[in-house]
Amino acid sequence: MYAVVGCSECSNLWIIEGRSETTQCPRCGARKSYEKRKKFVETDDAAHARDVRASMLANRQGEGEAFAELDSFAALEDDVAGGVVDDDEYLEESGLDVDEVAAAGDRDPRGSSHSGSKKEIVKGALDTLDRPTEDEVVDYAGERGVPADYVRDALEKLARRGVVSESRGRYRLL
């Protein structure tokens with residue numbers, strides 16, 4: 001059983017499922033017994049209860065005529081469920097070649113040895129190389145498309161955060 005009920009304190013409308021002894025307004029928190037609540041409709045159909053509440057809210061806003069032109073919630077949900085556009089259909093309708101887009105996604109403009117974000121590459125250098133110097137980390141990351149100035153800044157930030165330690169010009173992960 002579903003009921004569209006209203007609050008006498010703040011005029012809020014909501015749907016209650018089932019029957020409890022007391023109900024609390026979700027907007028203002030006013031508590032009343034179920035019997036004392038104004039019930040605009042009681043039904044076994046949740047969709048019908050949603051439609052009634054939505055219609056009442058639309059009428060309050062002066063949009064009752066516009067709401068009357070809409071289908072029910074159940075009909076709208078059915079329309080949406082069958083109307084989902086998949087990626088390939090979207091790309092084709094946009095005038096793009098699906099195969100070219102897939103091929104472009106497979107290519108990496110920074111080269112085949114690149115893997116991960118710039119930060120991950122810097123950390124990977126520290127993990128892979130044995131106590132590397134700054135220049136060795138720059139070279140390692142540079143081969144994977146990471147700019148030298150980014151590597152130097154990243155090393156400085158990682159050291160400040162305590163992720164790496166630097167001793168006598170050599171770095172290591174902590």
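Arg-144 counts as buried, at 18% relative accessibility. The cut-off for buried is under 20%, so Arg-144 falls inside it. This is a predicted model, so please take every value I give today as computed from that prediction.

Where does Arg-144 sit? Arg-144 is in the loop between α7 and α8. Its side chain has two partners to mention. One is the backbone oxygen of Tyr-140, which the side chain of Arg-144 reaches at 2.9 Å. The other is Glu-143, with which Arg-144 forms a salt bridge; the closest N and O atoms are 3.4 Å apart. Glu-143 is exposed, with a relative accessible area of 55%. In this pair, then, the arginine is buried and the glutamate is exposed.

That brings us to salt bridges in general. Side chains of opposite charge can pair when their charged atoms come close. How many salt bridges does a search of the whole structure find? The search finds five. I have just described the one between Arg-144 and Glu-143, and I will go through two others.

Take Arg-152 and Glu-134. They form a salt bridge in which the closest N and O atoms are 3.0 Å apart. Arg-152 lies in helix α8 and Glu-134 in helix α7, so this pair ties together parts that are 18 residues apart in sequence. Arg-152 counts as partly exposed at 35% relative accessibility, and Glu-134 also counts as partly exposed, at 27%.

Next, Glu-136 and Arg-170. Their side chains meet in a salt bridge at 3.7 Å, N to O. Here Glu-136 belongs to helix α7 and Arg-170 to strand β7, so the parts tied together are 34 residues apart in sequence. Glu-136 is partly exposed, with a relative accessible area of 36%, and Arg-170 is partly exposed at 33%.

Now the helices themselves. Which residues of α7 are buried? They are Val-137, Val-138, Tyr-140 and Ala-141. Around the axis they cover an arc of only 165 degrees, which puts them on the same side of α7. Tyr-140, whose backbone oxygen is reached by Arg-144, is thus one of the buried residues of this helix. What covers the buried residues of α7 includes α6 and α8.

Helix α6 runs over residues 118-128, and its buried residues are Ile-121, Val-122, Ala-125 and Leu-126. Why do I speak of one buried face here? Seen down the axis of α6, the buried residues fall within an arc of 140 degrees, so they line one face of the helix. The face turned away from that buried side carries the exposed residues Asp-127 and Thr-128. The cover over the buried residues of α6 includes α7, α8, β6 and β7.

Two of those elements, β6 and β7, run antiparallel and are joined by four bridges. Glu-166 has Tyr-171 in β7 as its bridge partner. The hairpin of β6 and β7 has two residues between the strands, and Arg-168 in that hairpin takes a positive phi near 55 degrees.

Last, the sheet at the other end of the numbering. Strands of a sheet pair through backbone hydrogen bonds, either parallel or antiparallel. This one is an open sheet of three strands in the order β2-β1-β5, with antiparallel pairing. Its edge strands are β2 and β5, each pairing on one side only. From one strand to the next the twist averages 25 degrees. Helix α1, residues 46-60, packs on the sheet and touches β1, β2 and β5; its direction makes about 170 degrees with that of β2.

Is β1 enclosed or open? Five of the five residues of β1 are buried, so this strand is largely enclosed by the rest of the structure. Both faces are covered, with Tyr-2, Val-4 and Gly-6 buried on one side and Ala-3 and Val-5 buried on the other. In a regular strand the side chains alternate between the two faces of the sheet.

As for its neighbours, β1 pairs with β2 over five bridges in the antiparallel sense. Tyr-2 has Glu-17 in β2 as its bridge partner, and Gly-6 stands opposite Leu-13 in β2. The two strands form a hairpin with six residues between them, and Ser-11 in the turn has a positive phi of about 70 degrees. The pairing of β1 and β5 is antiparallel over five bridges, with Val-4 opposite Val-41 in β5.

Terms used
Residues are numbered from 1 along each chain as its sequence is written. This is a predicted model: local features need pLDDT of at least 70, side-chain atom pairs count only at pLDDT 80 or more; totals for chains, interfaces and linings use all residues. Side-chain values use heavy atoms; hydrogens and water are left out. Buried means under 20% relative accessible area, exposed over 50%, partly exposed in between (1.4 Å probe, protein chains only). The arc is that of the directions from the helix axis to the C-beta atoms. Contact means heavy atoms within 4.5 Å. A polar contact is a pair of N or O atoms within 3.5 Å; within protein, one must be able to donate a hydrogen and the other to accept it, and residues adjacent in sequence count only if both atoms are side-chain atoms. Two strands pair if DSSP finds at least two bridges between them. Axes are lines fitted to C-alpha atoms, for helices over the stretch in contact, and angles run from 0 to 180 degrees between N-to-C directions. A salt bridge is a side-chain nitrogen of Lys or Arg within 4 Å of a carboxyl oxygen of Asp or Glu.
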